[in-house]
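Colleague: I am new to this one and would like to know the reasoning behind the words people use for it. Could you walk me through it?

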Amino acid sequence: MSIVFIQGEEAGAVLDMIDKAGPETAIHHLSQWDFGTETKDAALVNGYVYAEIPQSPTDRVVRDKSSGYALTYNHQFAYVSLLRRFDPVVEDVRGSVAPPARLGFERQRPARRANGLRL
């Protein structure tokens, strides 16, 4: 899911940071824009959750496996993007949301209508 996407002059400063201090420094810097559940909810509502890291052939991608972040950047087009791994099941556990109930037919009871008849 997308944490932050910046381009133009603002991205230029981060691209300089990458050149001088390395992509790990940029990942740490951009992670300030990750507000946890708020960021996750915004990404879900706005459609910024991806099955694969969005990238063009000229992008560079650096993955930080320990944090779950991925940095995508492009000097030619002057943009930088920070994404975070998103696993709905893990996210639900972190958010203390109970996992979905298993729908075993042996555990289901027949539904009843208001008049008491089974559906």
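Modeller: Gladly. A residue is called buried when its relative accessible area is under 20%. Please keep in mind that this is a predicted model.

Colleague: What makes β3 mostly covered?

Modeller: Six of the six residues in β3 fall under that 20% cut-off and are buried, so "mostly covered" is a fair name for the strand. Y69, L71 and Y73 point one way from β3, while A70, T72 and N74 point the other way. In a regular strand the side chains alternate between the two faces of the sheet.

Colleague: How do you know that β2 and β3 pair?

Modeller: Pairing needs at least two bridges, and β2 and β3 have five, in the antiparallel sense. Therefore the two strands count as a pair. Across from β3, D64 stands opposite Y69, and R60 stands opposite Y73. The hairpin of β2 and β3 has four residues between the strands, and G68 there takes a positive phi near 85°.

Colleague: What makes β3 and β4 partners?

Modeller: Again the test is at least two bridges. Six bridges join β3 to β4, which run antiparallel, so they pass as well. L71 in β3 stands opposite L82 in β4. In the hairpin of β3 and β4, A78 takes a positive phi near 50°.

Colleague: Why do β1 and β2 stand at the edges?

Modeller: The open sheet has four strands in the order β1-β4-β3-β2, with antiparallel pairing. β1 (2-7) and β2 (60-64) each have a single partner strand, so one side of each is left without a neighbour in the sheet. On average, neighbouring strands are turned by 10° against each other, direction ignored.

Colleague: Which strands does helix α1 lie across?

Modeller: Helix α1, residues 9-21, lies across β1, β3 and β4, and runs at about 105° to β1.

Colleague: What makes I53, G68, A70, R84 and R85 part of the lining of the largest pocket?

Modeller: A lining residue has an atom within 4 Å of a pocket point. That lining has 16 residues, and those five lie nearest the centre of the pocket. β2, β3 and β4 each supply at least two residues to the lining. The volume of the largest pocket is about 290 Å³.

Colleague: Which element gives the most to the lining of the second largest pocket?

Modeller: That is α3, with four residues. The second largest pocket has a volume of about 220 Å³, and its lining divides into nine nonpolar, five polar and one charged residue.

Terms used
Residues are numbered from 1 along each chain as its sequence is written. This is a predicted model: local features need pLDDT of at least 70, side-chain atom pairs count only at pLDDT 80 or more; totals for chains, interfaces and linings use all residues. Side-chain values use heavy atoms; hydrogens and water are left out. Axes are lines fitted to C-alpha atoms, for helices over the stretch in contact, and angles run from 0 to 180 degrees between N-to-C directions. Contact means heavy atoms within 4.5 Å. Buried means under 20% relative accessible area, exposed over 50%, partly exposed in between (1.4 Å probe, protein chains only). On a 1 Å grid over the protein atoms alone, a cavity is a set of points where a 1.4 Å probe fits but cannot get out, and a pocket is an open set with protein on both sides within 12 Å along at least five of seven lines; lining residues have an atom within 4 Å of a point. Grid points are joined across faces, edges and corners, and a volume is the space filled by probe spheres set on the points. Ala, Val, Leu, Ile, Met, Phe, Trp, Tyr, Cys and Pro count as nonpolar, Asp, Glu, Lys and Arg as charged, and the others, Gly among them, as polar.
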